[in-house]
Amino acid sequence: QVQLVESGGGLVQTGGSLRLSCVASGRTFSSGAMGWFRQAPGKEREKVATIAMSVGVTFHADSVKGRFIISRDNAKNTVYLQMNNPKPEDTAVYYCAASRRWPRPEYDYWGQGTQVTVSS
């Protein structure tokens with residue numbers, strides 16, 4: 001059974017930093033992709049950042065570019081999201097997701113989510 005387990009969420013102040021981690025178990029995604037999505041109350045889910053696990057190609061949403069960085073550790077089947085200088089509008093539940101393939105990923109596996117709250 002595939003599981004994605006997020007950790008690292010919490011309360012952070014504007015200008016601070018936070019690092020989210022997501023560990024996958026049950027299968028490897030080394031030939032696929034993993035990423036972070038978020039959903040704030042009353043808003044649609046938004047793709048934040050993704051990474052191709054084999055070649056390291058990344059995507060960052062314009063809203064986080066220059067502040068958040070996605071990275072991966074294939075040996076640990078883990079993906080990270082380094083959140084620098086977060087803003088109150090980054091407050092949301094952050095979900096880790098994984099795809100068995102890349103390119104043209106389909107994110108079929110999802111974690112339970114971790115709450116990130118940014119205070120001004």
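Helices (H or I, at least four residues) and strands (E, at least two) are DSSP runs that are numbered from the N terminus. The structure is a predicted model, in which local features need pLDDT of at least 70 and side-chain atom pairs count only at pLDDT 80 or more, while totals for chains, interfaces and linings use all residues. Residues are numbered from 1 along each chain as its sequence is written, and side-chain values use heavy atoms, with hydrogens and water left out.

**Exercise 1. Overall build**

Task: determine which pattern of elements the protein follows along the sequence, and what its radius of gyration is.

Solution. Begin with the elements: the protein has 0 helices and 11 strands, and read along the sequence these give the pattern β-β-β-β-β-β-β-β-β-β-β. Next take the radius of gyration, which is computed over C-alpha atoms and compared with a globule rule of 2.2 Å times the number of residues to the power 0.38. For 120 residues a compact globule would have a value near 14 Å, and the protein, with 13 Å, agrees with that. Along the principal axes, the C-alpha atoms fill a box of roughly 40 × 25 × 25 Å. Finally consider burial, where buried means under 20% relative accessible area, exposed over 50%, and partly exposed in between (1.4 Å probe, protein chains only); by this criterion 41% of the 120 residues count as buried.

**Exercise 2. The sheet around strand 3**

Task: work out the strand order of the open sheet of 4 strands, and state which strands stand at its edges.

Solution. Two strands are taken to pair if DSSP finds at least two bridges between them. Strand 1 (residues 3-7) and strand 3 (residues 17-25) run antiparallel and are joined by 5 bridges, with Ser7 standing opposite Ser21 of strand 3. Strand 3 in turn pairs with strand 8 in the antiparallel sense over 7 bridges. Along this second pairing, Arg19 has Gln82 as its bridge partner, Ser21 stands opposite Tyr80, and Val23 stands opposite Thr78. Strand 7 and strand 8 are also antiparallel, over 6 bridges, and Tyr80 is the bridge partner of Ser71. Putting the steps together gives the order 1-3-8-7 with antiparallel pairing. Strand 1 and strand 7 stand at the edges, each with a single partner strand, so one side of each has no neighbour in the sheet. From one strand to the next the twist averages 15°, an angle between N-to-C directions on a scale from 0 to 180 degrees, with axes that are lines fitted to C-alpha atoms. As for strand 8, 5 of its 7 residues are buried, and the strand is mostly covered.

**Exercise 3. The surroundings of Asn77**

Task: decide whether Asn77 is buried or exposed, and find which residues Asn77 touches.

Solution. First locate the residue: Asn77 lies in the loop between strand 7 (68-73) and strand 8 (78-84). In the hairpin of these strands, which has 4 residues between them, Asn77 takes a positive phi near 50°. Its relative accessible area is 10%, so Asn77 is buried. Contact means heavy atoms within 4.5 Å, and, not counting residues up to four places away in sequence, Asn77 touches Cys22, Val23, Ala24, Arg27, Thr28, Phe29 and Met34. For the side chain, a polar atom of Asn77 lies 2.8 Å from the backbone oxygen of Arg27, and a polar atom of that side chain lies 3.4 Å from the backbone nitrogen of Phe29.

Notes:
Polar contact = N/O pair within 3.5 Å; in protein donor to acceptor, adjacent residues only side chain to side chain.
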